[in-house]
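Please look over the sequence and the structure below before reading on. The report that comes after them is meant for a reader who has not met this structure before.

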Amino acid sequence: MKHIRNFCIIAHIDHGKSTLADRLLDFTGTITDREKQDQLLDSMDLERERGITIKSHAIQMEYVHEGQTYILNLIDTPGHVDFSYEVSRSIAACEGALLIVDAAQSIQAQTISNLYLALENDLEIIPVLNKVDLPSANPEEVTDDIVDLLGCDPSEVIPASAKTGLGIQEILDAIIHKIPAPKGNLDEPLQALIFDSVYNPFRGVETYFRVINGEIKKGQKIKFLATGKTYFADEVGTLKLTQFPRQSIKSGDVGYLITGIKDARDVKVGDTITDAVNPTQNMIAGFENVKPMVFAGIYPVDTEEYEELRGAMEKLQLNDASLVFAPESSAALGFGFRCGFLGMLHLEIIQERLEREFDMTVITTVPNVSYHAYTKKNVEETIVVNNPSDLPDPSKLDRVEEPFIKASIITKADYVGPVMSLCIEKRGAITNQTYLTPERVELNFDMPLAEIVFDFYDRLKTVSKGYASFDYSPIGLRASKLVKVDILINANSVDALSALVHADNAYDIGKKMVEKLRELIPRQQFDIPIQAAIGAKIISRETVKALRKDVTAKCYGGDISRKRKLLEKQKKGKKRMRQIGNVEIPQEAFMAVLKLND
């Protein structure tokens, strides 16, 4: 066990984490020249294109140092805030972490939040200054920032360049000398932490785990503590680029397990694996069920594709257990699903995977968060509102609570004003402001999650010219004055466009929505009124004017009453038309609601 090192890499998006992992694999000879490719651990096309890690990966390397072979387990982590629970479990499976900071961009918000996670788990931190070969790099200043953040010695910061391979030898030596060997007791009952799972269509769910105590043997009867189910370990092994089956995996090591589980929801990240006959009494701390934060309706463009969409969603759920969905129907869009996501990036990824992997074109309704509504009865009843149409009648409503987050934004000092006004516009309350350096400021806000769901991230990047970085964590529910804004088109309510918004913003949002819809809804033979309403009260209206035939063209001269008669006749016809007319809403209209500030 003293020759094993388990470590992860923590960094902000695009600071060179996956490239550094590639260099480490090259240097230790884990991969052959033929297998080489950039971002080797990012297996999805989407990950390569966007340059982000969506699914965490693990890989084992062997490295000979001073004549002794060491086993290094790299547990890669996603960098995006949506997947912070998965990051926390990967960190819990390690003893050390490489903290990578881009020499050109310095410290960003997610670097700090993931660093705090690592420090909470008592990990040994090795600071690495990456991309020192860039012309825009500023190594001295960024080294000072890292020293201020960690309180370490400037000589401990390793300058490196993942692109050219500079500093890789020093990083590997630091991993061996600084990161402690895993502690664990071979004689205790089996206790292992699940940090990831992957669905394999031929073999079921492959579970990735780190053994804390005891050992796991092939053929052993095991039990998952959170779900309480028992299985047989059909195969265990270690993770190189391909899987290497072994007879047993001992404490301190990382490996994979195949039990023939067919449903990804049965394997929960953060769960404890133990022996079914002689179970451990201690479940590994920190386990929680993944809770979706953002909800949106996903509907097929063609209603006949509903069953195909269900099949596609089920297949996606095999790969991604954090996606939840339930069938729902809408008067405007037909049958579809109300889906729960970890955040907006997660929603985008699911939408894109549906289009790429399953050729499904879908309409996504306005995303919203999960609210708690309390009714006025003698016995207080809580209703969880995931869809605006679930909100009880305002006369029966006592109060509505919405989820709040603690947001941390790091930006240049020049942009503090615009960033603050954006956050205050989004109902944020500033709680703290810290100058990390004379140039860089960290701002902390408490703000409603619903406000950052729409376009907050894009606008934050706009007001800070791309400099601000953003990170958040949930802090519970707070009572808010929320109202439901309905959109009526030709006096019919369109449920897919209704939204729950704060009472102070309702008028502005309603006005913007109807103006946007007026531009997008094509003109018909009759006037189409577009209205925004709160309950029975109309707060805004726009009209799409009718296309009209010039019925008076053939009347020249003569008495006005002849023209009047023709116009009256036309007016009656238009009125009848409007009563029975049906307005087709184009798909862009549903998407436009997401871009109200453009």
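What follows moves from the chain as a whole to its charged groups and then to a few single residues.

**The chain as a whole**

The model is predicted, and every value given here was computed from it. The secondary structure of the chain comes to 14 helices and 32 strands, and its C-alpha atoms fill a box of roughly 110 × 60 × 55 Å when this is taken along the principal axes. Of the 598 residues in the chain, 54% are buried. If one takes the contacts between residues at least 6 apart in sequence, 68% of them join residues that are at least 24 apart. The chain exposes about 27500 Å², and carbon and sulfur atoms supply 50% of that area.

As for charge, the chain has 71 positive and 86 negative side chains, and the centres of these two sets lie 11 Å apart.

**Salt bridges**

Side chains of opposite charge can pair when their charged atoms come close. A search of the whole structure finds 19 salt bridges, and the table lists some of them.

| Side chains | N to O distance |
|---|---|
| Lys217 and Glu215 | 3.8 Å |
| Glu215 and Lys250 | 3.8 Å |
| Glu402 and Arg427 | 2.9 Å |

Glu215 takes part in a salt bridge with Lys217 and in another with Lys250. The pair of Glu215 and Lys250 links distant parts of the chain, since Glu215 belongs to strand 9 (residues 215–217) and Lys250 to strand 14 (residues 248–250), with their positions 35 residues apart in the sequence. Glu215, Lys217 and Lys250 are thus linked in a network of salt bridges. How far are these residues covered? Glu215 has a relative accessibility of 21% and so counts as partly exposed, while Lys217 counts as partly exposed because its value is 42%, and Lys250 is likewise partly exposed, with a relative accessible area of 43%.

The side chains of Glu402 and Arg427 meet in a salt bridge with an N to O distance of 2.9 Å. This pair, too, links distant parts of the chain: Glu402 is in strand 24 (residues 397–412), whereas Arg427 is in the loop between helix 9 (416–425) and strand 25 (429–435), and the two are 25 residues apart. Glu402 has a relative accessibility of 0% and therefore counts as buried.

**Charged patches on the surface**

A negative surface patch is formed by Glu140, Glu141, Asp144, Asp148, Asp414 and Glu439. One of these residues, Glu141, lies in helix 5 (residues 139–150), and because its relative accessibility is 44%, Glu141 counts as partly exposed.

A patch of positive charge on the surface gathers Arg541, Arg548, Lys571, Lys575 and Arg578. Which element gives the most to the positive patch? That element is helix 13 (residues 560–580), with three residues. Arg578 is found in helix 13 and is partly exposed, with a relative accessible area of 36%.

**Three single residues**

Ser540 is found in strand 32 (residues 537–544). Is Ser540 buried or exposed? With a relative accessibility of 10%, Ser540 counts as buried, because buried means under 20%. Leaving aside its neighbours within four places in sequence, Ser540 is in contact with Gly510, Lys511, Val514, Ile530, Gln531 and Ala532.

Asp266 has its place in the loop between strand 15 (254–258) and strand 16 (272–275), and at 18% relative accessibility Asp266 counts as buried. When residues up to four places away in sequence are not counted, Asp266 touches Phe224, Thr227, Lys229, Tyr231 and Ile261. The C-alpha atoms of Asp266 and Ala93 are separated by 20 Å, and these two residues are 173 residues apart along the chain.

Glu124 lies in strand 5 (residues 124–130) and counts as partly exposed, at 34% relative accessibility. Not counting residues up to four places away in sequence, Glu124 touches Glu95, Gly96, Ala97, Lys178, Ile179 and Pro180. Between the C-alpha atoms of Glu124 and Gly573, which are 449 residues apart along the chain, the separation is 79 Å.

Key:
Residues numbered from 1 in each chain as written. Predicted model: local features only at pLDDT ≥ 70, side-chain atom pairs only at ≥ 80, totals over all residues. Heavy atoms only, no water. Helix = DSSP H or I, 4+ residues; strand = E, 2+ residues; numbered from the N terminus. Buried < 20%, exposed > 50% of the residue type's maximum accessible area, 1.4 Å probe, protein only. Contact = heavy atoms within 4.5 Å. Patch = residues over 30% accessible without salt bridge, like charges linked within 9 Å, V, L, I, M, F, W, Y side chains within 5 Å. Areas by Shrake-Rupley, 256 points an atom, 1.4 Å probe, with all protein chains shown as cover. Salt bridge = Lys/Arg side-chain N within 4 Å of Asp/Glu carboxyl O. Lys, Arg positive; Asp, Glu negative; His and termini not counted. Charge placed at Lys NZ, Arg CZ, Asp CG, Glu CD.
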